[in-house]
Amino acid sequence: MTLYRDIAIRINTRIEQGLYKPGERLPGVRPLSEQFGVSISTVVQAQRQLESQGSIEARPRSGYYICQRPWLKPELPTASRPPQKPMPVTGQELVLQLALAANQADFVQLGAAVPHSAFLPLRALQRSLGKAARSYQQFANYAFPPGLPELQEQIARRMLMNADAVNPADIVITDGCQEAVALSLRAVAKPGDVIAIESPTFYGLLQVIDSLGMKALEIPTDPQHGISLAALQMAVEQWPVKACVTIPNFSNPLGTLLSDEHKQALVLLARQHRFALIEDDLYGDLGFAGDRPRSLKSFASDPQDQVYYCSSFSKTVSPGLRCGWVHAPVASTERIMYLKHVSNLATSSLSQMALADYLAQGTHERYLRQVQPLYRQQVALFSQAISKYFPPGTRITQPAGGFVLWVELDPRIDTLALTHRAIEHKISIAPGQIFSASQKYRNCIRLNCAQPWSPRLEAALIELGRQVQGML
Ligand SMILES: Cc1ncc(COP(=O)(O)O)c(C=O)c1O
């Protein structure tokens, strides 16, 4: 992490804790540089960063002051009320069209949930890739399912942190989390079967359900509390639900963290009604504070519990590695291995070798601890900018982790039209309708906040706000 950003975060924390109060003068550069043990120029850079995000303001010949009017958090988006009946997924072709339209180097990339390379541990990964590339004998072969034992072992160690003690041999390496979820769905359901999902949910999941010819049953979901258990219970009593796919930790797009009680109740409901739980824990390592949240799997205590744990390193190491995994109920592991094998034989040996080596270096935890406060700050910067530049009444999620924001605009705004306008200004955003099987959320957008803050980025948010205003 750049040092000045770290100092900016630490000063901001003091402001949040009330150590420096609104209207007070921020201590001068010299005392701050002594307190933090950094150079004066680092403090000056940190001050500039804090000024650009609206935490402090400069007063001529007198230094920096804590902003008088602390930023008021906007209201949360409303809880969703999707049509509660199973339906085929429609309209997902749009996702690829939009991705291709925005896939240009000069775009401000706020659409796909992909962290800018500045946030990823790429140097350490590069060293591991170099080492792997030199082991020609090994990577010139398929790493057939379940996958490379060294990587299975590293993943099993990591899973201990979310309270899952698993046998490394039961971890099946996949091409990212997308394939992990797809294989799990294929293992538990067939075309025409009903799959319960959060609403809104990650569009990649909708695409998988669509491609497998299954039906999606959207369950009302609250940005703060997550999927409604009462609604899910009613749904499973009414429809033959085969599986529920959820993102329990820092979901995409709402950023919700399910409480432990909620997780436990969900596992119990699945047990009682005999449907499988497919949990996508891709963002679980990216919490802003506190311990690493537990997985749903860690609440599965009965031999009947059918929890498929899926994740990957796409958000925390590199999406280009295409390395994820699924840990299925033990009786289903062979089925998953078979399905993986017939899909594409094996995940890249080179990627698996490099990733296993990178994880074995033991630096990943330190990296995560560095990037978590950065994402917290990014999300805060985006929220503040949206509150400032978008019309009043705009609602924004308050995620507890991850790096995406869900923004609910005036109901009159059609965010697909907004997306096309944004593309003309070389800005990509994700329109709300792709997060729903029934193309709801037409007045919402999802923004990727993992882009380094810069005047160009701020100008893009100003432009988006202007476009929204113009469409009212
Ligand atoms: C919730 C969620 N699941 C799965 C994926 C796909 O992940 P991967 O690149 O590991 O296949 C994404 C990517 O954005 C995601 O946000």
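Trainee: Which helix gives the largest share of the shell around the ligand?

Mentor: In this predicted model, the largest share, 3 residues, comes from helix α8, which spans residues 176–188. The shell holds 14 residues, and the closest are Gly176, Cys177, Gln178, Ser312 and Ser314.

Trainee: What makes a residue count as one that surrounds the ligand?

Mentor: The test is that the C-beta atom of the residue, placed from the backbone, lies within 6 Å of the molecule, and 14 residues surround the ligand here. By kind, these residues divide into 6 nonpolar, 7 polar and 1 charged.

Trainee: Why are β4 and β7 called edge strands?

Mentor: The sheet is open and is formed by 8 strands in the order β4-β11-β10-β9-β8-β5-β6-β7, with mixed pairing. Strands β4 (171–174) and β7 (226–227) each pair on one side only, and they are the edge strands.

Trainee: How do you know that β5 and β8 pair, and in which sense?

Mentor: Pairing requires at least two bridges between the strands, and β5 (residues 194–199) and β8 (residues 241–246) have 4 bridges in the parallel sense, so they count as a pair. In one of these places, isoleucine 195 has alanine 243 of β8 as its bridge partner.

Trainee: Where does helix α8 lie with respect to the sheet?

Mentor: Helix α8 packs on the sheet and touches β4, β5, β8, β9, β10 and β11, and its direction makes about 160° with that of β10. Angles over 145 degrees count as roughly antiparallel, so α8 and β10 run roughly antiparallel to each other.

Trainee: Why are α5 and α13 called oblique to each other?

Mentor: Helix α5 (residues 122–134) and helix α13 (residues 349–360) pack at an angle of about 125°, with their axes 8 Å apart. That angle is outside 65 to 115 degrees and is not over 145, so the pair falls among the rest, and α5 and α13 are therefore oblique. Their crossing is right-handed. The residues that meet there include Leu125 and Leu129 in α5 and Leu350 and Met353 in α13, and the residues of this contact divide into 9 nonpolar, 1 polar and 2 charged.

Trainee: What makes α2 and α3 roughly perpendicular?

Mentor: The axes of α2 (residues 29–36) and α3 (residues 40–52) come within 9 Å and cross at roughly 110°. This value lies in the range of 65 to 115 degrees, and the two helices are therefore roughly perpendicular to each other. Val29, Arg30, Leu32 and Ser33 of α2 make the contact with Ile40, Val43 and Val44 of α3.

Methods:
Residues are numbered from 1 along each chain as its sequence is written. This is a predicted model: local features need pLDDT of at least 70, side-chain atom pairs count only at pLDDT 80 or more; totals for chains, interfaces and linings use all residues. Ala, Val, Leu, Ile, Met, Phe, Trp, Tyr, Cys and Pro count as nonpolar, Asp, Glu, Lys and Arg as charged, and the others, Gly among them, as polar. Two residues are in contact if their C-beta atoms, placed from the backbone, lie within 7 Å. Axes are lines fitted to C-alpha atoms, for helices over the stretch in contact, and angles run from 0 to 180 degrees between N-to-C directions. Angles under 35 degrees count as roughly parallel, over 145 as roughly antiparallel, 65 to 115 as roughly perpendicular and the rest as oblique. A crossing is left-handed if the near helix is turned anticlockwise from the far one by less than a right angle, and right-handed if clockwise.
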